[in-house]
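Trainee: I am new to this structure. Please pick a single part, look at it closely, and then show how that part fits into the rest.

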Amino acid sequence: MTDVLAQVAIIGGGPAGLIAAETLIEQGVSVNLYERMPSVGRKFLIAGKGGLNLTHSEPFPEFLKKYGERETELTPYLTKFGPTQIQQWAKQYGINTFIGTSGRVFPVGMKAAPLLYAWKTRLIELGVTFLFRHEWTGFAPDGSLIFKHGDQTLIKKYQAVLFAMGGASWSRTGSKGDWVPIFEAAGIKVDPFKPSNCGFDVLWTDHFKSKFDGNPLKTIQVGLIDAKGELIQKKGEFIVTNAGLEGSLIYALSAKIRSGIEQNGQTTIYLDLLPDLSTEELFQRLSKERGKRSFSSFLEKTTGLNGVKLGLLWEFIPREDLANPEKCAQAIKHLPITLTTPHPLEEAISSAGGVDFEEMDDRLMLKKIPGVFCAGEMLDWEAPTGGYLITACFATGVAAANGILSRLKHQ
Ligand SMILES: Cc1cc2nc3c(=O)[nH]c(=O)nc-3n(C[C@H](O)[C@H](O)[C@H](O)COP(=O)(O)OP(=O)(O)OC[C@H]3O[C@@H](n4cnc5c(N)ncnc54)[C@H](O)[C@@H]3O)c2cc1C
């Protein structure tokens, strides 16, 4: 027996689902929010552990560029609900934001928990019904939703449905990507999930690994040639690990590194270990008389390089080349490191891939299943860390909710 219930069902209680619930209930639409886990916002909470980066303060045109190949598709949604709106939204929950040195925007206090608590409390007050431990498992033949709840199977029908089930990394937060086969069986094209904002393997020697695992590399520039043959250069920092390289600068380039590996089996990045010194200046310094000093201490004294930066030179450049001032200066400014494999999807901060934008109209409704909308990380876009992920989840959640509102009005 199929129950006809509240007007809208939202599947998934991450930022995309929660902001959609808020948008709908504020317009008087009753919302049932289904969540497979015993609570909502688990990935949002994890995101808050290292400091919840809500959005970014750079000029809007620059901000939009961070969505790469999906800039065009996401621009209308981010224009309606973007960096400014997300900060105003946080403020209504009593959470002020501040801009960090890199332009990233954080809530004062950095944590996600106070914001999530205030948000959930208000949604309950407004009348959103949360159904925890309810896992959506598929569509019934008449299009109704099938849920598993303990050992019960429930079949529910709604006037509109929003799927906001997330990507496929950090599956312990509930976003497992296991909805993909169900969507594909319904004829919806889903681009395979791939790790995004992830680390990459490097074949270090055992000596280098044992000495430098966990060492940060600061004030560094990375260059790489992308698939279009363009040179991309970025300054920042990252960490050397046993397996390879991790951290914000590598994450920012992860889409390009990954696609290079897909095409050529590996991607070479070029490190500028001293971006504030020119090759010429280095050459002059390295051409000085060494005297009785060991080569290592001469290198350290003349260039200021030490620790892991010096370790990288020894790891990749033959000793005789380091003894040659011209070659050594060139190596310091352009040190090649080959990255072989992205770290597993499970460990990645986010996932690339998801529901193809061709499958949805501009309200984010599935063209093949009218009345069914999608939002958040489950759509096929990716962006670097820096607040771009949460902002686009909010933007698409709001857009899908507005799409639902206009559909309900015209029914
Ligand atoms: C370590 C880490 C740090 C991060 N830091 C940041 C940051 O600082 N800034 C930033 O912008 N982004 C950050 N992110 C990314 C950000 O958290 C995600 O992009 C965002 O949470 C995705 O939101 P979403 O609503 O699309 O999906 P999710 O938050 O993944 O929520 C999806 C929900 O759907 C539920 N669900 C899935 N399938 C079903 C089903 N079949 N039935 C019922 N429920 C289901 C899941 O249990 C989950 O609760 C970070 C991510 C990680 C892992």
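Mentor: A strand here is a DSSP run of type E with at least two residues, and strands are numbered from the N terminus. The model is predicted, and everything below is computed from it. The part to look at is His56, which is found in strand 4, residues 55–56.

Start with the surroundings of His56. Its relative accessibility is 9%. Buried means under 20% relative accessible area, so His56 counts as buried at that value. What is His56 in contact with, leaving aside its neighbours within four places in sequence? The list is Phe63, Pro83, Ser102, Gly103, Arg104, Val105, Gly386 and Tyr388. Two of these residues also offer backbone oxygens to the side chain of His56. The backbone oxygen of Ser102 is reached at 3.4 Å. For Gly103, the backbone oxygen lies 3.5 Å from a polar atom of the His56 side chain.

One residue on that list, Pro83, can be followed further. Pro83 is found in helix 5, residues 83–92. With a relative accessible area of 10%, Pro83 is buried. Not counting residues up to four places away in sequence, Pro83 touches Thr55, His56, Phe60, Phe63 and Thr391. Phe63 therefore appears in the contacts of both residues, touching His56 and Pro83. A long step along the chain leads elsewhere: Ile337 is 254 residues from Pro83, and the two C-alpha atoms are separated by 35 Å.

To place these residues, look at the domains. The domain assignment gives domain 1 as 3–196 + 346–409 and domain 2 as 200–339. By those bounds, His56 and Pro83 belong to domain 1, while Ile337 belongs to domain 2. The C-alpha centres of the two domains lie 39 Å apart.

The domains do meet. Nine residues of domain 1 are in contact with seven residues of domain 2. About 570 Å² is buried between them, and carbon and sulfur atoms give 50% of that area. Two salt bridges are counted between the domains. The side chains of Arg258 and Glu382 meet in a salt bridge at 2.7 Å, N to O. Three residue pairs are found in polar contact across the interface. On the side of domain 1 that touches domain 2, strand 12 (residues 190–196) gives the most, with three residues. The residues of that side divide into four nonpolar, two polar and three charged.

Now widen the view to the protein chain. It has 16 helices and 20 strands. Its C-alpha trace spans about 90 × 45 × 35 Å along the principal axes. Of the 411 residues, 52% are buried. Among contacts between residues at least 6 apart in sequence, 69% join residues at least 24 apart.

For another buried element, take helix 1, residues 15–25. Helix 1 is largely enclosed by the rest of the structure, because 11 of its 11 residues are buried. Among them are Pro15, Leu18, Glu22 and Ile25.

To return to the starting point: His56 is buried, and its contacts include Pro83 of helix 5, itself a buried residue.

Methods
Residues numbered from 1 in each chain as written. Predicted model: local features only at pLDDT ≥ 70, side-chain atom pairs only at ≥ 80, totals over all residues. Heavy atoms only, no water. Domains from an automatic or database assignment. Contact = heavy atoms within 4.5 Å. Buried area = accessible area lost by both parts, 1.4 Å probe. Salt bridge = Lys/Arg side-chain N within 4 Å of Asp/Glu carboxyl O. Polar contact = N/O pair within 3.5 Å; in protein donor to acceptor, adjacent residues only side chain to side chain. Helix = DSSP H or I, 4+ residues; strand = E, 2+ residues; numbered from the N terminus. Nonpolar A, V, L, I, M, F, W, Y, C, P; charged D, E, K, R; others polar. Buried < 20%, exposed > 50% of the residue type's maximum accessible area, 1.4 Å probe, protein only.
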